[in-house]
Amino acid sequence: MLRSTGVSQLWAKTTSSLLKTTSFRLIFTNSTHDEDLYATLLRRFAETRDSQHGRALHAKLIKGPLHNSLFLNNHILNMYAKCGHLPHAHKLFDHFPHRNAVSWSVLIAGFVQHNRPSYALVLFSQMHAAGVNINEFTLVSALHACSLYDNDSDNNEGYYYSYYLSRLYQVYAFVVRLGFEWNVFLMNVFMTALIRSRKLAEALEVFEACRGKDVVSWNAVMAGLVQFCCGEVPGFWRRMCCEGVKPDNFAFSGVLSGLAALGDGGMGVQVHGQLVKCGHGGEVCIGNSLVDMYLKCGSLENGIKAFEEMVERDVCTWNQMAAGCLNCGKPGRALELIEEMRRSGVRMNKFTLATALTACANLASLEEGKKAHGLRIKLGNDVDVCVDNALLDMYAKCGSMDDALKVFGTVEARSVVSWTTMIMGFAQNGQARKALEIFEQMRAEGKAPNYITFICVLYACSQGGLINEGWEYFLSMDRDHGISPGEDHYACMVDMLGRAGHIKEARELIRRMPFQAGVLVWQTLLGACRVHGDVETGLLAAKQALSLDKDDSSTYVVLSNMFADGRNWKGVGSLRELMETRDVKKMPGSSWIQLNKR
């Protein structure tokens, strides 16, 4: 048994507070040696993670006649393990005069619960080598450990994935050899471990062979299908219902997540009906999944109804509802929801703030954006660079690049998104030279640009008429950074040349593209031809664009405007007739205007 002067000193310091409880008064005033009473207290301390009182009781037991009781030693070990004091628990374990399967299982479970899977598996191997009988409780922890390779502090994706997967199969061999295949709890853990290891097909084989499946078995497979094979979710749910399995809250949450990913609102309504019948509608996690399903299926109205019917709401509920309004083109409503959330006393987090900033950016509302900036300051270190990037984007879209630059200067961990946002912000606000300065600063600080960064750089060159710089950056993509130019980069180059009136050079660039030019490239050339009155090349560009996508209204609109500029009214009329024949409708434009703060 571990004897520690530190523990004894702690006992002396905390005796007075411990005496306030009835159980401890009984222990100290009557010098009881009731093992069951001690065990009950230690179990309580483990459940409540109360290591201070647990250590004090440990000190008491060290001095008494029960210090060698294996029964109590295992409870003390469990208390330390559950409280996360793993080094102390391991040291205590090493000093045990006797150990049994419970001792080993408790310590292994402690390492698993606190995301130390490699140590747990080492202990499992040592337990087997020591000749201790392995039981189903030990196997549960070992199987769970095998699925936690990505939580290992020394994780190296390729090597550790293979290592933990092989250990998973080895532990399962113990399950078979010891005859525990009948244990549905073990089979559920094994299936979950296989799914976490991206072995869905093998998990399905285990599921089909499993006798006495319970709802947890079905939930495990449902979670795997949602993650790796969403298309199978509806059929699996129907099978589950046909086989008489009564779904629980996890089952409903899983199927709703799958239907959300598929955008299957029709079946989502059916599941909603089942949900109401089963009486699970009042649970927060189910309500969140239901709201999320409706929003991702594009049904904002039903999403709002489900949201309003929720008895309890947490920060996730409000966040997804606000984000849903934003994605459905209702940024003003998103801000109203966030304000309502604040008034209801729910503390916002970084996701709330990112949604608020994006809404302000979409509205180009500098006033609301500055309010959101104030909330970001209040959150302090509870935000990450994604929120700061949203803040930069908001100021850029509101046209306040001075404020964006101030924020940028305070961002310590600038990501490539931070730099790219600033480059695009200056480009969109007519400061092409400043955009390129930011790009050069980015390279000077050793931050590698990505595919999107070069789109923004080339866009800046196009907006500023910087043809020489544009060509240099375009050629440097593959040469210096190993990034092959894509259609977006070629479109920027065509736009840059077209704006400068170099229509032939733009057409030649398209001809030399290493892949077939897409609609965007031809539409860009068509736009330049309209500006400079090159009808012949414009007709060619329009023909190519329409051959790739005859339903895109913008090609018809630009070509019609080009005809109108040349007073070719017959061509305009023919185009309108063609659009009616093909049922092509021009997308209406929209603008935001704020009246009375609404």
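Which side chain meets that of Arg333 in a salt bridge? It is the side chain of Glu336, at 3.5 Å from N to O. The close-up views below are taken from a predicted model, in which local features need pLDDT of at least 70 and side-chain atom pairs count only at pLDDT 80 or more, while totals for chains, interfaces and linings use all residues. Residues are numbered from 1 along each chain as its sequence is written, and side-chain values use heavy atoms, with hydrogens and water left out.

**View 1. The salt bridge of Arg333 and Glu336 in helix H20.** A salt bridge is a side-chain nitrogen of Lys or Arg within 4 Å of a carboxyl oxygen of Asp or Glu. Helix H20 spans residues 331–343, and about one helical turn separates Arg333 from Glu336, as they are 3 residues apart. Helices (H or I, at least four residues) are DSSP runs, numbered from the N terminus. Arg333 is partly exposed, at a relative accessible area of 30%, and Glu336 is partly exposed as well, at 36%. In these terms, buried means under 20% relative accessible area, exposed over 50%, and partly exposed in between (1.4 Å probe, protein chains only).

**View 2. The salt bridge of Glu301 and Lys305.** The side chains of Glu301 and Lys305 meet at 3.9 Å, N to O. Both residues belong to helix H18 (residues 300–309), where a spacing of 4 residues places about one helical turn between them. Glu301 is exposed, with a relative accessible area of 57%, whereas Lys305 is partly exposed, with 43%.

**View 3. The salt bridge of Lys397 and Asp393, with a network elsewhere in the model.** The closest N and O atoms of Lys397 and Asp393 are 3.3 Å apart. These two residues lie 4 residues apart in helix H23 (residues 385–397), and are thus separated by about one helical turn. Lys397 is partly exposed, with a relative accessible area of 43%; Asp393 also counts as partly exposed, at 23%. Glu208, Arg239 and Glu243 are joined into one network by salt bridges that share partners. A search of the whole structure finds 24 salt bridges.

**View 4. Arg49 and Arg198, two loop residues with positive phi.** Arg49 has a phi near 55 degrees, a positive value in a residue other than glycine. Arg49 is found in the loop between helix H3 (35–47) and helix H4 (51–63), and is partly exposed, with a relative accessible area of 46%. For Arg198, likewise a residue other than glycine, phi is positive and near 65 degrees. The loop that holds Arg198 runs between helix H11 (184–196) and helix H12 (200–209). Arg198 is partly exposed, with a relative accessible area of 44%.

**View 5. The packing of helix H7 against helix H8.** The axes of H7 (residues 101–113) and H8 (residues 117–129) come within 7 Å and cross at roughly 165 degrees. H7 is therefore roughly antiparallel to H8. Axes are lines fitted to C-alpha atoms, for helices over the stretch in contact, and angles run from 0 to 180 degrees between N-to-C directions; those over 145 count as roughly antiparallel. The contact (heavy atoms within 4.5 Å) involves residues including Trp104, Ile108 and Phe111 of H7 and Tyr119, Leu123 and Phe124 of H8. The contact residues divide into 12 nonpolar, 2 polar and no charged. Here Ala, Val, Leu, Ile, Met, Phe, Trp, Tyr, Cys and Pro count as nonpolar, Asp, Glu, Lys and Arg as charged, and the others, Gly among them, as polar.

Technical notes: Angles under 35 degrees count as roughly parallel, over 145 as roughly antiparallel, 65 to 115 as roughly perpendicular and the rest as oblique.
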